[in-house]
Amino acid sequence: MLEAKDSISKEVSLLEEKAFHQIIQEKHRFIIWTTIGFLIIYLLLPLFITYFQYELSLILGNFYLVFVWVYAFSLFLITWLLGWIYWKRANKTDDSIKNLINRKKES
Amino acid sequence: MNLTYFIFFLVIVVGTLIITHWAAGRSNTTHQFYVASGSLTGFQNGMAIAGDYISSASFLGIAGLIAFHGYDGFIYATGFLVSYVILLFLIAEPVRNLGTYTLGDVVAQRFPGDEMRLAVAISAILISLLYMIPQLVASGLLIHILLGVDYTVAVWIIGILMTLYVVFGGMFATSWVQIIKTVLLMSGTILLLLILFSRVNWDIGLLLGQTVEQSPLGQQFFFPGNLFDSPLESMSLMLALVLGTAGLPHILIRMFTVNNVRGARLSVLTASWIIGVFYLMTLILGIGAIGFVGWDRLIAIDPSGNMSSLLLAEVLGGDFLVAFVTAVAFATIIAVVTGLVFAATSTFSHDIYFHIFKKGKAGEGKQLRVARIAAIAMGGLSILLSLGMKDSNVAFLVSFMFATAASTIMPLLILTFYWKRFNKVGAITGLATGFIAVLLLFLLGPEGYDVISLYNPGIISIPLGFFSAIIGAMCTKKDQSKQFEDLQVQIHTGIGGR
């Protein structure tokens, strides 16, 4: 985390910084779209399986069993993978903001 | 009472009391008492979150659900895990960077004033206390079955223990009880799993074959449709599970126990790994329970399925292994209820007493004294409520509380952090509507007067919580947008925070 004791004046100057807004917008874009996509995968697929269980099992035949288990296990993998991607991206965002503050301090 | 069980039970009690004694020497200031001085590492806090989150309903209940319903039981468990994506992406960092000790602190950064703090505090206390009831009821019944102790005595024992940990050890004791629980839970589950695999000579096919043979579902055990037959109910339950975690006060306040935002991120990541691995192991335990214990015996001993893991332990390792698993279950119970009583305590003493009643003017000693008295009051209240609700439906109450958290605190936090046009009226409208909606749906639902057939209220109450907050904000005048801009700086940098 960036130091909490940084002064209020720096907050104000950070707000005036276009680069800061871009960093935050990019972060928000990522978290909002990824969350929506993830919720759709998590909520709609089981609904689809419940509604169209018969049709799906007819279409997929023996692969239906594989399909439902791959779906269940993929939820674990997706959760961990998204966590790892977010960890990398968020740490990079922290560094970008830190660099921005350092540049402002120097100037 | 079985002596082996009693010895294991005693070891857990003595061990946790030693931790509390150690923690008591480190709980002399409010910063130490409420957030363990922010001294936990992300990994330690992740273990504590897992300990706070995985209840006996998960440890014993999910294995039973899988044993009885196969695939659908496992899908139910995934809901508890995937909620950590929402927590990590949208909630953990803002909570860490805005708050000091409570959720009231977090929301007060955007909406200062007593009304808002009081609304959040009441919501947090209600959710924590109401979530504690099913946990304590389940614990009382479990200890009654396992140790042969009377239900009332069992609830009093657990209630007194959780209160002692909080009163004397504050967040230090709460955290370390939860960390040790996680270690015990994971090692106990791994041990069971290893013995199970060795019994089938590491041949998974043999284990699955035994399951198909023993389960009345046969091959259908591995297919969907054995538990969730109504798409509306499944959708409602899944929505509550995936969004509910991000509104549970006892999980959210754990973000204050690490000293920076990277620590908060690492906490959630670590918790998601532990919880994920745990549920994967539970799948094998559920399959093993039906395969080794058999359907008839499982049903005959406990039709709810909660005893599946213990019966499996009995088949695999006899009395000694059952005693160990019982001890793990007991540690699981006390870690969760301690976290809940702590959340209610800190909210009452910090938000209601210190900020609203004393207007921020009370010495450290006085604040600590009130916090300890509040812990005793919250503990006592929970015990009395749990004694009076012995016959309540535990599984229903747990999913109901997830729906309540997802309909009230979750929308409040999301809109506070990410919506510029949001204001105080919208915040209070959203909280009130969320609570009224879940209450009405409960009263009208199958557990109440049975007017409507919807068992899980989330699908109606969660959108209502969000929409009423949005409408409340849109119909009233804007807050200063400058305040929101400042909040964004604090959320993303911590500047201006503690």
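**Exercise 1. Which side chains meet in a salt bridge at 3.7 Å, N to O?**

Before you start: this is a predicted model, where local features need pLDDT of at least 70, side-chain atom pairs count only at pLDDT 80 or more, and totals for chains, interfaces and linings use all residues. Residues are numbered from 1 along each chain as its sequence is written, chains are lettered from A and ligands numbered from 1 in the order in which they are written, and side-chain values use heavy atoms, with hydrogens and water left out.

Solution.
- Step 1: fix the rule, which asks for a side-chain nitrogen of Lys or Arg within 4 Å of a carboxyl oxygen of Asp or Glu.
- Step 2: the pair is A:Asp94 and B:Arg262.
- Step 3: place both partners. A:Asp94 sits in helix H4 (residues 63-106) of chain A and B:Arg262 in helix H12 of chain B, so the pair joins two chains. Helices here are DSSP runs (H or I, at least four residues; strands are E, at least two), numbered from the N terminus.
- Step 4: look for another partner. A:Asp94 also forms a salt bridge with B:Arg265, with the closest N and O atoms 3.0 Å apart.
- Step 5: count. The rule gives 12 salt bridges over all chains, and 4 across the interface of chain B and chain A.

**Exercise 2. Describe the interface of chain B and chain A.**

Solution.
- Step 1: count residues in contact (heavy atoms within 4.5 Å). Chain B brings 53 residues and chain A brings 51 residues.
- Step 2: get the area. The size of an interface is often given as the accessible area lost when the parts come together. Here buried area is the accessible area (1.4 Å probe) that two parts lose on being put together, summed over both. That comes to about 4,800 Å² between the two chains, with carbon and sulfur atoms giving 76%.
- Step 3: find the top contributors on chain B. B:Phe89, B:His492 and B:Ile495 supply 15% of the area that chain B buries against chain A, more than any other three residues.
- Step 4: count polar contacts, meaning N or O atom pairs within 3.5 Å; within protein, one must be able to donate a hydrogen and the other to accept it, and residues adjacent in sequence count only if both atoms are side-chain atoms. There are 10 residue pairs in polar contact between the chains (both at pLDDT 80 or more).
- Step 5: assign elements. On the chain B side, those giving two or more residues are H5 (71-98), H10 (231-244), H12 (261-293) and H20 (481-493). H5(B) has the largest share, 15 residues.
- Step 6: sort by class. Ala, Val, Leu, Ile, Met, Phe, Trp, Tyr, Cys and Pro are nonpolar, Asp, Glu, Lys and Arg charged, and the others, Gly among them, polar. The chain B side then has 30 nonpolar, 14 polar and 9 charged residues.

**Exercise 3. Profile the two largest pockets and the largest cavity.**

Solution.
- Step 1: set the grid. On a 1 Å grid over the protein atoms alone, a cavity is a set of points where a 1.4 Å probe fits but cannot get out, a pocket is an open set with protein on both sides within 12 Å along at least five of seven lines, and lining residues have an atom within 4 Å of a point. Points are joined across faces, edges and corners, and volume is the space filled by probe spheres set on them.
- Step 2: the largest pocket has a volume of about 1,000 Å³. Of its 39 lining residues, the closest to the centre are B:Leu65, B:Asn393, B:Val394, B:Ala395 and B:Phe396. H4(B) gives the most to this lining, with 10 residues.
- Step 3: the second largest pocket has about 360 Å³. Among its 13 lining residues, A:Thr35, A:Ile36, A:Leu39, B:Leu90 and B:Ile414 are the closest to its centre. By class, the lining has 12 nonpolar, 1 polar and no charged residues.
- Step 4: the structure holds 5 cavities of 30 Å³ or more, and the largest cavity contains about 130 Å³ of space. Its lining residues include A:Pro46, A:Gln53, B:Tyr71 and B:Met238.
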